[in-house]
Amino acid sequence: MGAVSTTTIAGVMAVRRSLAKPIGSLTQMGTVRLGKRTEGRSPLIKDFVPLASLDDIVFGGWDIFEENSFEAATTAGVLEKDLLEQIRPELEGIKPMSAVFDRRYVKRLDGPNVKKGKNKRDLAEQLIADIRAFKQANNCDRLVLVWCGSTEVYLTETPAHASLAAFEKALEANDDSIPSSMIYAYAAIKEGLPYTNAAPNLSADVPALMELAAQTGSPLAGKDLKTGQTLMKTIIAPGLKARLIGVNGWYSTNILGNRDGEVLDDPESFKTKEESKKSVLDYILQPTLYPDLYKDLCHVVRINYYPPRGDNKEGWDNIDIFGWLGYPMQLKINFLCRDSILAAPIVLDVALFMDLAKRSGMSGIQEWLSFYFKSPVHAPGLYPEHDLFIQLMKLKNTLRFMRGEELITHLGLEYYD
Ligand SMILES: NC(=O)c1ccc[n+]([C@@H]2O[C@H](COP(=O)([O-])OP(=O)(O)OC[C@H]3O[C@@H](n4cnc5c(N)ncnc54)[C@H](O)[C@@H]3O)[C@@H](O)[C@H]2O)c1
């Protein structure tokens, strides 16, 4: 129930009351072209595939702080007071359930609203009980879980993650390699819920939880929402590569002052974020295919916690590029963005698409949702697709495929026959 989730929740409430528009949401405002360019068929995505309606959604969540959604949204300081006042009673009705939390994984935070349990398995069972109670109390047909909790410290796969049997044993043994977010992921997947990781930490992207997802039919997506600076990077870099413009340096720095920034001020949480942010250029620019253009690329990413800015992040990119005959040029990007304003429509879209995936019998990794993530989860042995435009084409073709419509290749020779 931090900045991203309360901005999503309050936003949906505001849209439902026609107080504002769902700008940035593909499920609410996007269209999909069907058939030939001459047919003039471009329905709204929400009319083309049967997505849950915003009027039918109820929200719940966990947090280590006891503030209700109105108070949490006020603390986050993203949305104007006037807007929040208009939906205040509805927001106040959402009180966080007590969290599964361990400071070892998020060193800069501590709060009172935390569960106690004899081991991690017991904690997972308490979360499952919360999920069931929420479903019953709100009379829900289906549930979706999106991890919008803080970025946890950098972890890598261990033998405890290698199989479901090993993982369940490790839960009972309170193994250190299972962070809190993984306990939520286990609980959700065990219940057959679609699970998405909006943060960059290791969570459901381990063999044990993929095995569980295959058993329970849970769709999986993540990780780390592609907003702000990385969104711009994945818009600009494919363009430079398309024109075979060389890049020998990309320096990205930014300042932000929200709670996320405070958590990322801890070097171990920052390491998780840094890994996620740095991977995109390698995959987009493909230095092994284009050594003359990208082999020596120096890519640096910095995040600086700077409280006066709150959620209104400012990012600077200095890109050293070179063209014909190696002549150098520079490109500067100064993005004054609002982190949670960019993130909220993604959380909504992913929740609705993941629910659709579950109803369509699609379980496991949903690579067609890569469009929304900095570090898209992908099948072992496959490299992730980071190019925003390829990602969008993949997403829309998946929707066409689901509805039995012809896939669009953009070949278009038939217009000239
Ligand atoms: N805003 C963006 O553009 C963006 C983009 C990509 C990823 N993210 C990630 O999304 C996550 C949320 O971002 P935010 O800006 O809302 O941060 P935030 O700090 O405002 O919210 C995170 C919330 O999670 C809670 N929390 C931490 N551990 C928990 C646990 N184990 N159980 C329950 N609650 C827990 C915290 O108390 C806090 O209220 C972060 O990991 C961030 O890195 C955000």
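**View 1. Strands E8 and E9 lie side by side in this predicted model.** Glutamate 314 of E8 sits opposite leucine 336 in E9. The two strands run antiparallel and are joined by 9 bridges. Follow the chain from one strand to the other and you pass through a hairpin with 5 residues between the strands. In this hairpin, look for leucine 325, which takes a positive phi near 65°.

**View 2. Strand E6 has a partner on either side, E7 and E8.** On the E8 side, E6 (residues 246-256) pairs with E8 (residues 314-322) in the antiparallel sense, over 9 bridges. Three facing pairs help you find your way along these strands. Glycine 246 stands opposite phenylalanine 322, tyrosine 251 has asparagine 318 as its bridge partner, and threonine 253 faces tryptophan 316. On the E7 side, E6 and E7 run parallel and are joined by 8 bridges. Here glycine 249 is opposite cysteine 298. As you trace a strand, keep a general rule in mind: in a regular strand the side chains alternate between the two faces of the sheet.

**View 3. Four strands make up an open sheet.** In what order do the strands come? The order is E7-E6-E8-E9, and the pairing is mixed. Strand E7 (298-305) and strand E9 (328-336) are the edge strands, each pairing on one side only. From one strand to the next, the twist averages 10°. Now find helix H13 (residues 267-285), which lies across E6 and E7. H13 runs at about 150° to E7.

**View 4. Helix H7 has its buried residues on one face.** Let us begin with its length. The 18 residues of H7 (residues 120-137), at 1.5 Å a residue, should span 26 Å, and the end C-alpha atoms are 26 Å apart, which agrees. Which residues of H7 are buried? They are Lys120, Leu123, Ala124, Leu127 and Ile131. Seen down the axis of H7, the buried residues fall within an arc of 105°, so they line one face of the helix. A general rule is useful here: an α-helix has 3.6 residues a turn, so residues three or four places apart point the same way. The buried residues of H7 pack against helix H8 (164-172) and helix H9 (180-190). Turned away from the buried side is a face that carries the exposed residues Ala129, Arg132, Ala133, Gln136 and Ala137. After H7 comes asparagine 139, with a positive phi near 55°.

**View 5. Helix H4 keeps its buried residues on the same side.** In H4 (residues 69-76), the buried residues are Ser69, Phe70, Ala72, Ala73 and Ala76. They cover an arc of only 165° around the axis, which puts them on the same side of H4. What covers these buried residues? The cover includes helix H1 (3-16), helix H5 (81-86), helix H6 (88-92) and H15. Just after H4, glycine 77 has a positive phi of about 70°.

**View 6. Helix H10 packs against both helices and strands.** Ala208, Leu209, Met210, Leu212 and Ala213 are buried in H10 (residues 207-216). The partners of the buried residues are H8, H9, strand E5 (219-222) and strand E10 (364-365). Glycine 217 follows H10, and its phi is positive, near 75°.

**View 7. Helix H15 gives the most residues to the largest nonpolar core.** Which members of this core touch the most other members? Of the 88 residues in the core, these are Ile183, Ile189, Leu209, Val347 and Val350. H15 (residues 339-359) contributes 12 residues. Zoom in on valine 350 and set aside its neighbours within four places in sequence: valine 350 is then in contact with Val146, Thr196, Ala221, Leu369 and Tyr372. Apart from the largest core lies another core, of 10 residues. Among its members are Val247, Leu285, Leu293 and Ile319.

Terms used
Residues are numbered from 1 along each chain as its sequence is written. This is a predicted model: local features need pLDDT of at least 70, side-chain atom pairs count only at pLDDT 80 or more; totals for chains, interfaces and linings use all residues. Two strands pair if DSSP finds at least two bridges between them. Axes are lines fitted to C-alpha atoms, for helices over the stretch in contact, and angles run from 0 to 180 degrees between N-to-C directions. Two residues are in contact if their C-beta atoms, placed from the backbone, lie within 7 Å. The expected span of a helix is 1.5 Å times one less than its number of residues. A residue is buried if 20 or more other C-beta atoms lie within 10 Å of its own, exposed if 12 or fewer, and partly exposed in between; C-beta atoms are placed from the backbone. The arc is that of the directions from the helix axis to the C-beta atoms. A nonpolar core is a set of buried Ala, Val, Leu, Ile, Met, Phe, Trp, Tyr and Cys residues joined through C-beta atoms within 7 Å.
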